[in-house]
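Hi everyone, thanks for making time. I'd like to walk you through one structure today and stop at a few spots I liked. Let me put it up on the screen.

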Amino acid sequence: MDFDVIVIGAGPGGYPAAIKAAQLGAKTAIIEREWLGGTCLNCGCIPTKTLIAGAEVYQKILHAESFGITVGKPEIDYTAMKKRKDDVIQTQQNGIAYLLKSHGVTLFEGTGSFKDANTIAVKKADGSTEKITGKNIIIATGSTSTVPGFIPKHDRIVESRAFLELDELPETLMVLGGGYIGSELACMAAGLGVKVTIVELLPDILMLLDKDIRNVVKKHMKSELGMTLLTGDAMQDIVATDDKVTAKAGDKTIEADMLLVSIGRSPVLDGLNIEAAGVTVNERGYVEVDELSRTNVPNIYCIGDVSGRMQLAHAATSQAMYACEHIMKGEEKIEEVVIPGVIFTSPEVALVGLTEDECKKLGRNINVGKFQFKPLGKAQAANETEGFVKIIADKDSDIIIGAQCAGPHATDLISEMVIAVREELTAEELGNTVHAHPTFAEIWMECAHALHKGCVHAPPAR
């Protein structure tokens, strides 16, 4: 064989897999047909968060007077914001290329296609094809935006990738889909002055969160960002013309300069010729795997979005580590199941473990503690007092089984609770752990005390 391990796809699952395999002594190759870093780096996580960071700066300037700072009316140069976004992507791409090269990973640029379970044909941009063989192969081809057939094809109708490539934002925007991608992009656009309407078929947006947590985001969306939220009805009768897009949601007719379609992701298997390898694909189009990321073919593994598991970059990276350890060392470590979810709306939200709603459906006896950001000294000093956190603990054992956060720095703060849930800490142990003051992080200590109705920085529980 030419290689010990061949990885197809260089996204947040693929390139860490290639590096890890090389670190473990494998002669490794990686195949990428578009860009290093995959969707996450190029048209997902990183560009979105870069633009969101710009929107947050703009909002801070608008409210600078609350800090005693007087400034003129700020102007948005979206072309410059987009260039900054592109520069961040390029820097990250260069970093990945350097890491692959420094670990001795051979990069093949082109589309990988199975010839059999050990042979891959790489079709390059110039039309030439090179065949390589590998003892083990890891599929990490990711996912792409789902655009159903009823959506008209028009320049004014875009999915997230095309939206992130716009040189200027529309004045008005409809967003079809109130999941985390649609809600993030909607908050970014609204934060930069776009009039945004979200249309969601489900009864509410961000349904993976408990109602009290998502209500914090919804309140901010409406009162601070001026957004309109239409839930519980399908978007129908979509018509795009040269100057606008119109549609209906229930009995309401809505129109905007642009429609952003954000209703989910679909696996990327085009061009892979996976049938030639004998790998099983389920009825939804995802590659079937077990808890060790193994397909039905012993030497072929699959990680990340294309495997149909949790579609998060950090989940794919974790799966990559364990798949490589199984390939190279025979270690049968099952994949991590405690995976945080982070959503960069305004304000940010994050969660880990079981939600309160899930506990109720499972019949779990739980204690729930909540604590607001507003009493925190650091929150008041920074003028970031919106939102709260909550901890869910098993009533009998006091072990923390879930946590959620809506408020400033939620996507960073959740990491402490990931450790708490993974290591089965009790709420009492967390509450007894001294947290530095004044910080945002001490909110978890306060919340743990609140769960046991012993918080000195909250009024007595009634």
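Let's start just past helix H11, at glutamate 424: this residue follows H11 and has a positive phi, near 55°. Before I go on, keep in mind that this is a predicted model.

Now back into H11 itself, which covers residues 410–422. Does the length make sense, you may ask; well, what span should its 13 residues give at 1.5 Å a residue? The expected figure is 18 Å, and the end C-alpha atoms are 18 Å apart, so the two agree. There is also a kink in H11, about 30°, centred on glutamate 416.

Which residues of H11 are buried? Those are Ala410, Thr411, Leu413, Ile414, Met417, Val418, Ala420 and Val421. As a reminder, an α-helix has 3.6 residues a turn, so residues three or four places apart point the same way. As for what the buried residues of H11 pack against, there are strands S18 (341–343), S19 (349–353), S21 (388–394) and S22 (400–406), plus helices H12 (427–432) and H13 (443–451).

Next stop, asparagine 42, which sits in helix H2, residues 38–43. Is asparagine 42 buried or exposed? With a relative accessible area of 7%, against a cut-off of 20%, it's buried. Its side chain has some polar company in there: the side chain of asparagine 42 reaches the backbone oxygen of leucine 36 at 3.0 Å, and a polar contact of 2.5 Å joins it to the side chain of glutamine 93. Leaving out residues up to four places away in sequence, asparagine 42 touches Trp35, Leu36, Gly37, Pro47, Ile89 and Gln93.

On to the cysteines. How many disulfides does the structure hold? Zero. Take cysteine 302: why no bond there? The closest cysteine sulfur, in cysteine 324, is 13 Å from its own sulfur, and a disulfide needs the pair within 2.5 Å, so that's too far. Cysteine 302 is buried, at 0% relative accessibility, while cysteine 45 counts as partly exposed at 28%.

Last one, a hairpin. Strand S13 (residues 245–249) pairs with strand S14 (residues 252–256) in the antiparallel sense, over five bridges. Lysine 248 stands opposite threonine 253 in S14. Two residues lie between the strands of this hairpin, and glycine 250 takes a positive phi near 65°.

That's my tour; happy to take questions.

Terms used. Residues are numbered from 1 along each chain as its sequence is written. This is a predicted model: local features need pLDDT of at least 70, side-chain atom pairs count only at pLDDT 80 or more; totals for chains, interfaces and linings use all residues. Side-chain values use heavy atoms; hydrogens and water are left out. Helices (H or I, at least four residues) and strands (E, at least two) are DSSP runs, numbered from the N terminus. Buried means under 20% relative accessible area, exposed over 50%, partly exposed in between (1.4 Å probe, protein chains only). A polar contact is a pair of N or O atoms within 3.5 Å; within protein, one must be able to donate a hydrogen and the other to accept it, and residues adjacent in sequence count only if both atoms are side-chain atoms. Contact means heavy atoms within 4.5 Å. The expected span of a helix is 1.5 Å times one less than its number of residues. The bend at a residue is the angle between axes fitted to the seven residues ending there and the seven starting there. Two strands pair if DSSP finds at least two bridges between them.
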